[in-house]
Amino acid sequence: MAENWDVIVVGAGPAGLMAADILSASGLSVLVAEAKPSVARKFLMAGKSGLNLTKDEPLEAFLPHYGSARSWLDPMLQAFGPVEAQAWATGLGRQVFSGSTGRVFPTEMKASPLLRAWLARLEAQGVRVSTRWRWTGWEGEGLLFQTPDGFQKKTARATILALGGASWARLGSDGVWAETLATANISLAPFKPANAGLSITWSGHIHRHLGTPLKGIALCAGHLTSRGEAVLSERGLEGGGIYSVSAAIRDGAALTIDLLPDLTVDQIVQRLQRSQGKTSFSNHMRKTLKLSPAALAVLQEFARPLPQAPFDLAVLLKSVTVLHEGLRPMDEAISTAGGVHAAAFDSGLMLRDRAGVFCAGEMLDWEAPTGGYLLTACLATGRWAGVAALRYLSC
């Protein structure tokens with residue numbers, strides 16, 4: 001087994017494995033070093049609720065979800081976007097399908113069959129995977145690893161760093177690598193939670209609704225809007241709808257909920273003006289507006305005392321301000337913003353101050369909502385770094 005490697009990939013998440021796939025397919029010797037006892041733990045955890053591979057939509061609709069990172073990320077997603085992500089999965093022998101919202105999943109709705117097929121291909125291409133190998137930095141041109149057999153120093157002609165972000169530390173994305181890179185004077189943007197839930201201290205009357213999703217709503221924070229669901233949890237609000245607007249909330253924007261996004265203010269007023277009879281006010285709203293018990297509870301939680309005038313109540317229903325204590329802690333976030341700043345790497349994701357060292361995946365400074373955008377970009381940057389490393393090694 002070679003000990004002087006062509007390429008060492010540090011981190012065995014989707015980005016690192018994709019880089020290893022590209023490089024080993026070209027006949028290079030590749031060592032993948034993973035700090036955890038097994039590979040792709042966050043990938044597998046994401047697959048427990050159905051692995052959302054990508055979003056089946058045209059690139060012109062797909063790319064805007066990456067915000068300011070588009071200045072450098074666009075070429076990578078144009079080379080490996082939704083179409084290519086689906087082809088990659090089917091190339092591993094796994095069939096995929098698009099749900100009603102365009103989200104793409106493996107037919108098994110699991111990550112493990114796809115991962116097993118991927119690891120089998122990597123093994124056939126000669127990739128060696130060493131687990132419980134934690135990278136601790138450089139010593140000269142060598143990489144130092146803390147391993148079960150003590151410290152190991154390995155050298156390679158090129159290195160791919162795919163170390164993850166700073167959320168879900170138990171799955172491997174702990175962000176501790178940032179100190180090592182900062183010591184090497186590599187420019188970093190501070191980590192921030194992305195796709196995070198909202199902390200709310202609920203009053204007692206909301207407790208019987210915990211675990212219930214708010215459906216058919218619209219959320220708005222700053223310039224971001226979402227028609228996704230929000231689940232009332234013991235800790236606050238969770239779910240894809242909240243995650244989609246969490247970046248604006250993190251940056252200080254107020255959050256409002258439109259409980260009736262499919263009705264105009266005038267339509268709500270007309271319904272509220274129907275005869276109430278002997279029905280209570282709450283039941284009158286529930287029946288005429290089709291508001292769920294959870295939606296009514298949220299309205300009462302944030303807007304008591306409710307206005308009695310139909311117009312004023314209609315305006316309120318279209319924009320309920322959510323009182324909260326900010327986002328949940330970063331380690332609970334699905335992903336993070338921040339990481340290696342765009343100024344630190346070139347168009348091939350190679351560090352400007354460290355020739356032959358490339359970065360990929362969530363350790364780069366970008367963010368995107370859930371819905372397939374995160375995984376697609378991790379795969380795309382891993383592929384891009386792998387192709388760039390091939391070019392570097394061929395010079």
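Colleague: In which loop is the place of Lys290?

Modeller: In this predicted model, Lys290 sits in the loop between α10 (281-289) and α11, and the phi angle of Lys290 is near 60 degrees, a positive value in a residue other than glycine.

Colleague: What kind of peptide bond joins Arg304 and Pro305?

Modeller: Arg304 and Pro305 are joined by a cis peptide bond, with omega at about -5 degrees, and Pro305 belongs to the loop between α11 (293-303) and α12 (310-317).

Colleague: How do you know that the side chains of Glu367 and Arg250 meet in a salt bridge?

Modeller: The N to O distance between the side chains of Glu367 and Arg250 is 2.8 Å, and the rule asks for a nitrogen of Lys or Arg within 4 Å of a carboxyl oxygen of Asp or Glu, so the pair qualifies. The count between domain 1 and domain 2 is one salt bridge, whereas the count of residue pairs in polar contact between these domains, both at pLDDT 80 or more, is two. On the side of domain 1 that touches domain 2, the residues divide into three nonpolar, one polar and two charged.

Colleague: What are the two domains, and how is the chain divided?

Modeller: Domain 1 takes in 4-193 + 335-394, and domain 2 takes in 198-327; their C-alpha centres lie 38 Å apart. Six residues of domain 1 are in contact with seven residues of domain 2, and the two domains bury about 440 Å² between them, 51% of it on carbon and sulfur atoms.

Colleague: What makes Glu362 and Lys42 a salt bridge?

Modeller: The closest N and O atoms of Glu362 and Lys42 are 3.2 Å apart, which is within the 4 Å limit, and therefore the pair is accepted. This pair links distant parts of the chain, Glu362 being in the loop between β20 (357-359) and α13 (373-394) and Lys42 in helix α2 (residues 41-47), 320 residues apart. By the salt-bridge rule the count comes to 15.

Colleague: How many aromatic pairs does a search of the whole structure find?

Modeller: The search finds twelve aromatic pairs, including that of Trp133 and Phe145, whose ring centres are 5.4 Å apart.

Colleague: Why is the pair of Trp133 and Phe145 called tilted?

Modeller: Their planes stand at 45 degrees, which is neither under 30, as stacked requires, nor over 60, as edge-to-face requires, so the pair is tilted. Trp133 lies in the loop between β6 (128-131) and β7 (134-139) and Phe145 in strand β8 (residues 142-147), so the pair ties together parts that are twelve residues apart in sequence.

Terms used
Residues numbered from 1 in each chain as written. Predicted model: local features only at pLDDT ≥ 70, side-chain atom pairs only at ≥ 80, totals over all residues. Heavy atoms only, no water. Domains from an automatic or database assignment. Contact = heavy atoms within 4.5 Å. Buried area = accessible area lost by both parts, 1.4 Å probe. Polar contact = N/O pair within 3.5 Å; in protein donor to acceptor, adjacent residues only side chain to side chain. Nonpolar A, V, L, I, M, F, W, Y, C, P; charged D, E, K, R; others polar. Phe/Tyr/Trp six-rings, centres within 6.5 Å; stacked < 30°, edge-to-face > 60°. Helix = DSSP H or I, 4+ residues; strand = E, 2+ residues; numbered from the N terminus.
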